[in-house]
Amino acid sequence: MSASPVISADQLKAQFAREGKTFSSWAEDRGYRREDVYRVINGLTRCRRGKVHQIAVELGLKAP
């Protein structure tokens, strides 16, 4: 089993735009706070542990 490639925040934003998805709906579907998701995407937190780390991993911004 190979690990998923890590992508940049800009690539992630472009992917969501292409697919017509919003980060708010992504957060709601997974039980995360919208504010936490936006902080991760915009680099306002280091995502070293806890919920913000899990968000970054699920979005593909960090390796597990």
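1. The residue just after α2. In this predicted model, Gly31 follows directly on helix α2 and adopts a positive phi of about 80°. Tyr32 is located in the loop that joins α2 to α3.

2. The buried side of α2. Helix α2 spans residues 23–30, and its buried residues are Phe23, Trp26 and Ala27. These residues lie on the same side of α2, because the arc they cover around the axis is only 95°. An α-helix has 3.6 residues a turn, so residues three or four places apart point the same way. The partners of the buried α2 residues are three helices: α1 (9–19), α3 (34–41) and α4 (50–59).

3. The opposite face of α2. Glu28 and Asp29 are exposed, and they sit on the face of α2 that is turned away from its buried side.

4. Tyr32 in the α2–α3 loop. Is this loop residue, Tyr32, buried or exposed? Tyr32 has a relative accessible area of 15% and therefore counts as buried, the cut-off being under 20%. Residues up to four places away in sequence being set aside, Tyr32 touches Trp26, Ala27, Val37, Lys51, Gln54, Ile55 and Glu58. Of these partners, Trp26 and Ala27 also appear among the buried residues of α2. Between Tyr32 and Leu12 there are 17 Å from C-alpha to C-alpha, at a sequence separation of 20 residues.

5. Asp36 in α3. Asp36 is part of helix α3. Its relative accessibility is 13%, which means that Asp36 is classed as buried. Which residues does Asp36 contact, leaving aside its neighbours within four places in sequence? They are Lys51, Val52 and Ile55.

6. Geometry of α3 and α4. Two packed helices are described by the angle between their axes and the distance between the axes. For α3 and α4, the axes approach within 10 Å and cross at roughly 65°. The two helices are therefore roughly perpendicular, an arrangement for which the range is 65 to 115 degrees. The crossing of α3 past α4 is right-handed.

7. Composition of the α3–α4 contact. On the α3 side, the contact involves Asp36, Val37, Val40 and Ile41, and these meet Lys51, Val52, Ile55, Ala56 and Leu59 of α4. Sorted by class, the contact comprises 7 nonpolar and 2 charged residues, with no polar ones. Asp36 and Lys51, which belong to this contact, also touch one another.

Notes: Residues numbered from 1 in each chain as written. Predicted model: local features only at pLDDT ≥ 70, side-chain atom pairs only at ≥ 80, totals over all residues. Heavy atoms only, no water. Buried < 20%, exposed > 50% of the residue type's maximum accessible area, 1.4 Å probe, protein only. Helix = DSSP H or I, 4+ residues; strand = E, 2+ residues; numbered from the N terminus. Arc of directions from axis to C-beta. Contact = heavy atoms within 4.5 Å. Axes fitted to C-alpha atoms, helices over the stretch in contact; angles between N-to-C directions. Parallel < 35°, antiparallel > 145°, perpendicular 65-115°, else oblique. Left-handed = near helix turned anticlockwise from the far one by under 90°. Nonpolar A, V, L, I, M, F, W, Y, C, P; charged D, E, K, R; others polar.
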